[in-house]
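This report introduces the structure shown below to a reader who has not met it before. It treats a helix, the nonpolar cores and the salt bridges in turn.

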Amino acid sequence: MPSIQKLNFDAVVVGGGIAGVESALNIANSGYKVLLVEKDLTIGGKMILLSKVFPTLDCAACITTPKISEVARHPNVTIFTQTEVKAIHKQDNHYFKAEIVKHARFIDESNCTGCQLCEEACPVVVPDQYQYGMVGRKAAYIPFNIASPRIAAIDIENCILCGACEKACPTQCIDFMQHDEEYQIITRSVVVATGFNLFDPVKIPRFSSETAQNVITSMQMERLLAPTRPYNHVIRPSDGRIPDKIAYVLCTGSRDLSVGNPICSQICCMYSIKQAQLLMGSLPMADVTIYYINIRSFGKGFEEFYEQAKGMGVNFVKGKVGKITEKSNGNLTLRYEDIKTGKLKEADHDLVILSVGVLSNDDPQQFFAENEWKKDKFNFALQKDLFFKPSLSNIEGVFLAGTTSGPMDIPDTILSAGAASMETIRYIKQSTVEI
Amino acid sequence: MEENKEQTFRQKRETHTVPQHVKDKLKEYNSIKKRITEIMGDEEWNIPNLAAKLEMSTTETLYYVMSMLKFGQVVTTGVDDMDEYYFYKIKK
C-alpha cells in the first residue's frame, strides 16, 4: 500500500475553472504557495470549452489560455489534475487538513510532450465526453488541443492493454503500473471554486431531449460553434443536415418550480443571443427564433447586444414552450403559448437548442460535512455577508469564488474570484500558526 | 531500453482484466469502419446515402464518419446544390 504523502500550502483552491485559476494566480502573486486541485484532466473548466463570450464576442479560448498558461508556469502554484478532494477538516482557526486522491493518469506527466503519437496508435474509439458524445476519441488521448496540461491520459476503463501506445511513445512516458496517490495537505486557507452544474433536460420529458436527436443543449451548440468543434460545421446530430430553421427554448430548467429551480440562471438569455448571432454568421440563410419568457439583458452592453441580434434578423417570440414533438424526418414541432395573445400556437423547426440553466454543485458538501457547510435556499454556498463580504463562507478560512455562491456570468466570476483571493490573502496574513 | 518500453502494459495485464464489452466495442468499431471505407471507395458520399447503403441509422453513421474525419481518415469535399448535406470522401 503506497504511503500517504504530506504537503503544506498557504491556500488550497478547489476547482480549476476560471474562478479557481484567477484566485490561485492572485494568491500566488502575493507570494503564497497555492495548490490548485481539479477533478478533470485539464484546468479551464467550462469556459475553455466555449466558442465566444458575450457581449464582446471575443474568443473564449483566447481569454482563458493566457491565464491558464500563467498559472501553469507560476512558481508558487502546484496543479493537481484528475484529483479528488475527499475531506477537508478544520483543525483550529488558522489551519486545515485536507485528504485528496490524485487518480492515476498512467502517464509520466513530466516526460509527456503532447505529441499525440499514442493517440494515433491507439485502436480504441469511445464517445468523446468533451464533445458531448457527438464524436469519438481514443482510449489514449489528450482531452482537446488547448487542454492544460497538454499531456495524454489513458482511459483504463476502455483500454484493451494492447501496448500500441507504449510502443509508439518516443519519451517512454506511458506507465500502466501507476496507482492513485493519496495526499494529506496542511493548508492555512481554502478557496472553493467548484463551479456549477448544468440542468439536465431529460428531467423535462415533454421536451423530448432523450429521444429526439435534434433537440440539443446550449453546451452542445457551444461545441458545434467552437474552433475545436466535433463536426467542423454546424450540422444536425441526427443526419448531418445543415439546419435552416433553428429554435432556442429559454429558461429550460430555470425559473421553473416544477423542476425545483425557481431562480433565473442569469446567463441563458445572453449566451443564447450570442449563439444566435454566431449561427447567423456561420449559416447566413438560417432562420433563428428565440422563445423567451423575459429577456434579461441587465449587464454592461447586454441591451445593445440584444438589439444587435434583433438587427441581424434573429426572431424573438415571447412564448412559453410546452411540448416538443419529433417528426419522422427529424424535424420538430414546438407547441407554445404566445404570451402576448394568450393563444396556443405551433411552429416547425429542424434543430432545437434548449438553453439549460445553472444548478449548484454539491461537491463541497461532501468534503466539508463535519464542519456543516451551509447552503442557501437554492442550494448554492451560503454567503455569510452577502453585501459587504460576499466571498466569506460560513466556515472561517474558507472562501467562495465564482458560481459556487450562485449563477453569474464570466466577468462577475472573475470579480468574485478577485474578492475571494483578497479575503484569502488577508486571512493568511493574520495567521500566526506555523504549518 | 526496448524491453522496458513494452513492460508496463504486460505487467498490467496480470492484474487488470479487459472487460468483454470493451473488446466487443472495438470489434464493432473496426468492422463498421471497414464497411464505411469499402462502401465509400473513391466516391463522395453524404450521410443519408451512406447510412442507407450501410443499413444503419443516420445518427450512428454521422458518429462514425465524424470520428473518422477527426482522426484524418475522411475529408469533407463540399456541399450539395441544395445546401443541405456535406459530401465526405476517404482520404487517400
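A residue is called buried when its relative accessible area is under 20%. The model described here is predicted.

**A helix of chain B**

By that cut-off, helix 5 of chain B has a buried stretch made up of Thr61(B), Leu62(B), Tyr63(B), Tyr64(B), Val65(B), Met66(B), Ser67(B), Met68(B) and Leu69(B). The cover over these buried residues comes from both chains: it includes strand 8 (125-127) and strand 9 (136-138) of chain A, and helix 3 (20-40), helix 4 (47-54), strand 1 (74-79) and strand 2 (86-90) of chain B. Helix 5 of chain B holds 13 residues (58-70), which at 1.5 Å a residue should span 18 Å; the C-alpha atoms at its ends are 18 Å apart, in agreement with that expectation. After the helix comes Gly72(B), which has a positive phi near 80°.

**Nonpolar cores**

In soluble globular proteins, nonpolar side chains tend to be buried together. The largest nonpolar core in this model contains 83 residues, and Met221(A) and Ile324(A) have the most contacts inside it. Helix 6 (residues 268-282) of chain A supplies the largest share of this core, 9 residues. Because domain 2 (104-175) and domain 3 (199-358) of chain A both give residues to this core, it lies between them. Leaving aside residues up to four places away in sequence, Met221(A) touches Ile216(A), Val234(A), Tyr248(A), Gln275(A), Leu279(A), Leu351(A) and Ile353(A). A second core, separate from this one, has 39 residues, among them Ile18(A), Ile27(A), Tyr32(A) and Met47(A).

**Salt bridges**

Over all chains, 19 salt bridges are counted. Three of chain A are listed here with their N to O distances.

| Lys residue | Asp residue | N to O distance |
|---|---|---|
| Lys327(A) | Asp348(A) | 2.5 Å |
| Lys345(A) | Asp338(A) | 2.7 Å |
| Lys375(A) | Asp362(A) | 3.9 Å |

Asp348(A) belongs to strand 19 (residues 343-349) of chain A and Lys327(A) to the loop between strand 17 (315-326) and strand 18 (332-338), so their bridge ties together parts 21 residues apart in sequence. Asp348(A) is partly exposed at 32% relative accessible area, and Lys327(A) is partly exposed at 34%. In the pair of Lys345(A) and Asp338(A), the lysine is partly exposed at 32%, whereas Asp338(A) is buried at 11%. Lys375(A) is partly exposed, with a value of 27%, and Asp362(A) is partly exposed at 34%. Finally, salt bridges with shared partners join Arg241(A), Asp350(A) and Glu84(B) into one network.

Key: Residues numbered from 1 in each chain as written. Chains lettered and ligands numbered in written order. Predicted model: local features only at pLDDT ≥ 70, side-chain atom pairs only at ≥ 80, totals over all residues. Heavy atoms only, no water. Core = buried A, V, L, I, M, F, W, Y, C linked by side-chain atoms within 4.5 Å. Buried < 20%, exposed > 50% of the residue type's maximum accessible area, 1.4 Å probe, protein only. Helix = DSSP H or I, 4+ residues; strand = E, 2+ residues; numbered from the N terminus. Domains from an automatic or database assignment. Contact = heavy atoms within 4.5 Å. Expected span 1.5 Å × (residues − 1). Salt bridge = Lys/Arg side-chain N within 4 Å of Asp/Glu carboxyl O.
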